[in-house]
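Reader: I am new to this structure and should like to be guided through it. May I put some questions once it is shown?

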Amino acid sequence: MTTTAEMTAESHVFEADVARLLHMMVHSVYSDKDVFLRELISNAADACEKLRYEVIAQPGLLANDPDSRILLTLDADGGKLVVEDNGIGMSRDEMIEALGTIARSGTRAFMERIEANKQGEGAQLIGQFGVGFYSCFMVADRVDVVSRRAGAEDAWLWSSDGKGGYSVAPVEVSEAPVRGTRITLHLMEDAKSYASRWSVERIVKEQSGHVPVPIKIAEKPGEEATQLTDGTALWTKSKNDITAEEYTDFYRGVSGQYDEPALTVHFRAEGRHEYSALAFVPGSQPFDLFDPDRKGRMKLYVKRVFITDEAELLPRYLRFVRGLVDTSDLPLNVSREMIQESPILTAIRKGVTNRIITAIEKQAESDHDAFLKIWENFGSLIKEGIYEDFERRAQLLALSRFRTTTSGDGYRSLADYVRDAKEGQQSIYYLVGGSLEQLKASPQLEGFRARGIEVLLLTDSVDSFWVTNAPEFEGKSFKSITQGSADLAQFKKQDEDKPESESAPAEVQAFLDYAKQKLADEVSDVRASDRLIESAVCLVASEQGYDRQLEKILQGAGRLQSGAKPILEINMDHPVVKAIAAKADLPSLRDDAAFLLLDQARVLDGDKPADPRAFAERLARLMEKALQ
C-alpha cells in the first residue's frame, strides 16, 4: 500500500466482545472451517442488495457499472484469497463500526456458551452459529479490507492480525475498487488449500450456490474470471426444480445458521396481491431466540430488490422463522417508514402467516417425530400466539402439545385430552410451575391422580398467561388445580366404587376451625381438601384473582406489589392432622402445629417459610415434646 496510507494509519483496539470472539476463532480446533467463505460471500451479497436499494433514490451511484457481482481471486503462490464485491462499500466510520464492534444480537450468548462448555462442543457451535466477518480469522493470520463507498471520492484500508487491534488508513483510490469492498485474506499455513480453485468452487456450490448475486472466480491475480453461479434468485424458481440440498444451502445463507431446516415453506401467491415467499423453520434454536430485543428475521424484497429486514412480515410469536418475501405490488421507492402502514403488507403478512401455520399443521399430521422436534424447539413461542393472535387462537390450541400426568415421556394434544376426559368432566385441568419434576411432586395433583383425571403439566413461563386468554377448547374451559375449589367429590377414586361423601370427625373439624382463626392474618381461608391424598396440606389461590404461579411471575416482574392471601387446604384424613386434632388439651402445641402446617404448605409450593426463625423455634418445640 502507499506510504501516505501508512503514515496516516490510525490504530484502534477491538471492542471487548470482538477481542473475545477473535480469540476463540484463532484458537478453535474446528475441523470444518469452510463456513468463513459462506459468511464473506453472504456479506458481499448484502452489500450489493443495499446498493440496489439506494440506487432507487440515487441512480448515479451505479455509474457505468450497473451489474452486481462478487469476484473471488485466488493467489496460490502468495497464499492469499481475495473476496471482492461492487456493492455499497463502506466509509471510514462505517468500516470502524462494522469491523470493530459486534452489533449482532445473540453473539454474547453464543460466546458465553462456547466458553462455558467443557465437552468440546465449542467447535461445532462455531459452525452452527456463523460469526460473520470474524470467521475469516479461523483461516487467515492477517486480513486487509479496502473499501470505497458508492459515490464517495475517498477509499479506506482496514487491517488486522486478529490479535487485539486493527488499523484504519486512507488509501489511494487507484488501489481501491471503483465502489464496494475488497477483502484480502493472508492464509495461514494450514489453510493454503483455500487458494485452490477446487476447494473454493466446492464450497461456493455447496454453501452459496443460490446467493442472488453472480459469483465469478479468477485462478490468479489479473487473470480473466469465469462464472461460478448466475445469481438467479432461488425463490423465483419452481419448487419442482429445486433440490433439498439447494434449499438447505439457501437457508444457511439467509439464516446465518449451519443446521438443517426442519421445515421449508415455498409458495407464490397470485390474485389480488402477488408475491413469492420462501420461509424456513430452523432445525435448532437460534442463540438469540429469547433475546427481548430480538425481532423477526424475514427479509422484504420488491422485484428482487432488497428493501428491509425490519418489516413485520410475521407475528412476533413466529419470530423463529427465517426467510424472505418478494412482491411486485409495492413501489421500489417505498420508504421503510411507510411499509408498516401499508395495507398490502398487512395482506401479505396474513397470507404468509396462514401458510406457515398450515404447513406446521400438515407436518404434525404426516410426520409426528419431525413435528415434535419443531415443538420442542419453538413450542413456547407458538403458545404466545394463543393470547396474542385471537384470529388463530383455536388453530394454535389444536396445534399445541403438552406433557401431562398420563403422557409419560411423550406429548398429548388437547384433542387427546378431551377424548379421554372423565364423564361429566367440564374442565381441562392444568398445573403451572418451573420444572416437570417439581410439578409431578406437587401435592395438588394427588386427588386428580387418585381419580385418574389427566392434568396438563405446564413449565414454560408463557403458560401462565395463555391459559387466561384461552376460555375453552371443544366446550371445556381451562382450570388451574391450584386455584379455587377442585370439585373432585363428583368423581370416584380409582380404588373405590362410589364418590366420597363422608364428613370429617368432629375433633378434626374443630382443629380446622381453630387453624382458620389462628392463621387469619396469613391466609384468607382454611378448609378441608378433596385434592389431597398423601400430603397433609397445600396452598391454593381463591377463585377470583390470579393463579398461584402467575401471581409469583407478576410479583417477580414488579407488576404486582403484593399477592392475595392464599387458601390453606388441609387433608382431614392425614394421620398427622388427626393426631394434632386429638391434642385439644395442648393449646401451645396446636398453635405451633397450625403455623408449621402453613409453612410446610409454603415449602411444598416452592417458597420459604415466612419467618425462618419462628419456623425453627416452633419445630424445635414440637420435636422436644415428641421426644419426651
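Reader: In which helix do Asp416 and Arg419 both lie?

Author: This is a predicted model, in which local features need pLDDT of at least 70 and side-chain atom pairs count only at pLDDT 80 or more, while totals for chains, interfaces and linings use all residues. Residues are numbered from 1 along each chain as its sequence is written, and side-chain values use heavy atoms, with hydrogens and water left out. Helices (H or I, at least four residues) and strands (E, at least two) are DSSP runs, numbered from the N terminus. Asp416 and Arg419 are three residues apart, about one turn of the helix, and both belong to α14 (residues 414-419).

Reader: How far apart, N to O, are the side chains of Asp416 and Arg419 in their salt bridge?

Author: A salt bridge is a side-chain nitrogen of Lys or Arg within 4 Å of a carboxyl oxygen of Asp or Glu. The side chains of Asp416 and Arg419 meet in such a bridge, and the N to O value is 3.2 Å.

Reader: Is Arg419 buried or exposed?

Author: Buried means under 20% relative accessible area, exposed over 50%, and partly exposed in between (1.4 Å probe, protein chains only). Because the relative accessible area of Arg419 is 55%, this residue is exposed.

Reader: Where in the chain do Asp605 and Lys552 lie, and which residues form the network of salt bridges that share partners?

Author: Asp605 and Lys552 form a salt bridge, their closest N and O atoms being 3.5 Å apart. The pair links distant parts of the chain, 53 residues apart: Asp605 is in the loop between α21 (587-604) and α22 (612-627), and Lys552 is in helix α19 (residues 548-556). As for the network, salt bridges with shared partners join Arg412, Asp416, Arg419, Asp420 and Glu454.

Reader: How many residues apart are Asp460 and Lys383?

Author: Asp460 forms a salt bridge with Lys383, with 2.9 Å between the closest N and O atoms. The two come from distant parts of the chain: Asp460 from the loop between β18 (456-458) and α17 (463-469), Lys383 from the loop between α11 (368-382) and α12 (384-388), a separation of 77 residues.

Reader: Which of these two partners counts as buried?

Author: Asp460 has a relative accessible area of 28%, so it is partly exposed. The relative accessibility of its partner is 4%, and therefore the residue that counts as buried is Lys383.

Reader: Why is the pair of Phe133 and Phe137 described as it is?

Author: Rings of Phe, Tyr and Trp (its six-membered ring) pair if their centres lie within 6.5 Å; planes under 30 degrees apart count as stacked, over 60 as edge-to-face and the rest as tilted. The structure holds 16 aromatic pairs. In one of them, the ring centres of Phe133 and Phe137 are 6.3 Å apart and the planes stand at 85 degrees, so the pair is edge-to-face.

Reader: Which residues form one aromatic cluster with Phe133 and Phe137?

Author: Both Phe133 and Phe137 are buried. The cluster that includes them also takes in Tyr134, Trp158 and Tyr166.

Reader: How many helices and strands does the protein chain have, and what share of its residues count as buried?

Author: The protein chain has 22 helices and 23 strands. Of its 628 residues, the share that count as buried is 51%.
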